Amino acid sequence: MYFCRMHKETHLLSHLHADLIEAGCDEAGRGPLAGPVFAAAVILPKDFHHPLLNDSKKMTEKARETLRPIIERESIAWAVEEVSAEEIDTINILNASITGMQRAVRRLAVRPEYLLIDGNRFKPFDGYQYQCIVKGDAKFASIAAASVLAKTYRDEYMRKLAREYPQYGWERNMGYPTKEHVDAIIAHGYTPHHRKSFHLKQLEPTLF
């Protein structure tokens, strides 16, 4: 595992290197008990700006949904990947998050020259240069854009799963351990979409 330098900028920036093609990378869904983790990679034009763009966690659902098609339309390239609950259980959530971002980068129609990674951990792959940036989704536009895509695609996926498993309230809690979700697990047990490695201490693992 490689630890990366922290970046100290506190405002949303268009780039780190003006002369390089940069892709911002982020994920959504590290903390839920159920569902995949989604990761996105986005290459934005250097002059891209939108007043709504921010760390997706600080945006309203409406703002995220408004921005998603704009990012997809105006970006130079973008990609979203998911890593299943089963794979999360196999390789752990940190490695799943890194794997998802790597897969998203590989799917970009344009190969970036530098990666901006949200967080403080990543792994080298395919010869890419990169920098990890703690809270990067609140500092760089491309990472913020990736956070919006990862979050909106994951929320959409969980809403679809909720129609198959309505008792868990996933359309509201998105798989996070809310009281509603925990109570539903106690009453109905786990589903194939639950992360076995994430079971709560107060619940019997034999529910799987």
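**Exercise 1. The largest pocket**

Work out how the lining of the largest pocket in this predicted model divides by class, and which residues lie nearest its centre.

*Solution.* Start with the classes: the lining holds five nonpolar, six polar and ten charged residues. Next, look at the lining as a whole, which has 21 residues. Those nearest the centre of the pocket are Asp 26, Glu 27, Arg 30, Lys 57 and Asp 118. Now ask which elements give two or more residues to this lining: they are E2, H3 and helix H4 (141-164). To finish, the volume of the largest pocket is about 390 Å³.

**Exercise 2. Strand E2 and its partners**

Find out how many residues of E2 are buried, and in which sense E2 pairs with E5 and with E3.

*Solution.* Let's take burial to begin with. Seven of the seven residues of E2 are buried, so this strand is largely enclosed by the rest of the structure. Then split the strand by face. In a regular strand, side chains alternate between the two faces of the sheet. On one side of E2 you will find Glu 22, Gly 24, Asp 26 and Ala 28, and on the other Ala 23, Cys 25 and Glu 27, with both faces covered.

Now turn to the pairing. E2 and E5 are parallel, with four bridges between them, and Gly 24 has Leu 116 of E5 as its bridge partner. E2 and E3 run antiparallel and are joined by five bridges; here Ala 28 is partnered by Phe 38 of E3.

**Exercise 3. From E5 on to E7**

Starting from Leu 116, identify the residue that stands opposite in E7, then say whether the faces of E7 are covered or not.

*Solution.* Leu 116 stands opposite Gln 131. The strands concerned, E5 (residues 114-118) and E7, pair in the parallel sense over four bridges. As for E7 itself (residues 130-133), Tyr 130 and Cys 132 are buried on one side, and Gln 131 and Ile 133 are buried on the other, so to speak a strand with both faces covered.

**Exercise 4. Helix H3**

Compare the span of H3 with the expected one, and explain why this helix is described as largely enclosed.

*Solution.* First, the span: H3 (residues 93-107) has 15 residues and reaches 21 Å from first C-alpha to last, close to the 21 Å expected at 1.5 Å a residue. Second, the burial: H3 is largely enclosed by the rest of the structure because twelve of its 15 residues are buried. Among them are Ile 93, Leu 94, Ile 98, Met 101 and Val 105. Third, the cover: it includes strands E2 (22-28), E3 (37-43), E4 (77-83), E5 and E6 (121-122), together with helix H2 (85-91).

**Exercise 5. Ser 56 in its loop**

Decide whether Ser 56 is buried or exposed, and list the residues that Ser 56 touches.

*Solution.* Locate the residue: Ser 56 sits in the loop between E3 and helix H1 (61-74). Its relative accessible area is 5%, and the cut-off for burial is under 20%, so Ser 56 counts as buried. Leaving aside residues up to four places away in sequence, Ser 56 touches Arg 64, Ser 147, Val 148 and Lys 151.

**Exercise 6. The cavity**

State how many cavities of 30 Å³ or more the structure holds, and which residues line the largest cavity.

*Solution.* A search of the whole structure gives one such cavity, and the space in the largest cavity is about 40 Å³. Its lining consists of Ser 14, His 15, Glu 22, Leu 44, Pro 45, Lys 46 and Ser 142. Sorted by class, these are two nonpolar, three polar and two charged residues.

Conventions: Residues are numbered from 1 along each chain as its sequence is written. This is a predicted model: local features need pLDDT of at least 70, side-chain atom pairs count only at pLDDT 80 or more; totals for chains, interfaces and linings use all residues. Side-chain values use heavy atoms; hydrogens and water are left out. On a 1 Å grid over the protein atoms alone, a cavity is a set of points where a 1.4 Å probe fits but cannot get out, and a pocket is an open set with protein on both sides within 12 Å along at least five of seven lines; lining residues have an atom within 4 Å of a point. Grid points are joined across faces, edges and corners, and a volume is the space filled by probe spheres set on the points. Ala, Val, Leu, Ile, Met, Phe, Trp, Tyr, Cys and Pro count as nonpolar, Asp, Glu, Lys and Arg as charged, and the others, Gly among them, as polar. Buried means under 20% relative accessible area, exposed over 50%, partly exposed in between (1.4 Å probe, protein chains only). Two strands pair if DSSP finds at least two bridges between them. The expected span of a helix is 1.5 Å times one less than its number of residues. Contact means heavy atoms within 4.5 Å.
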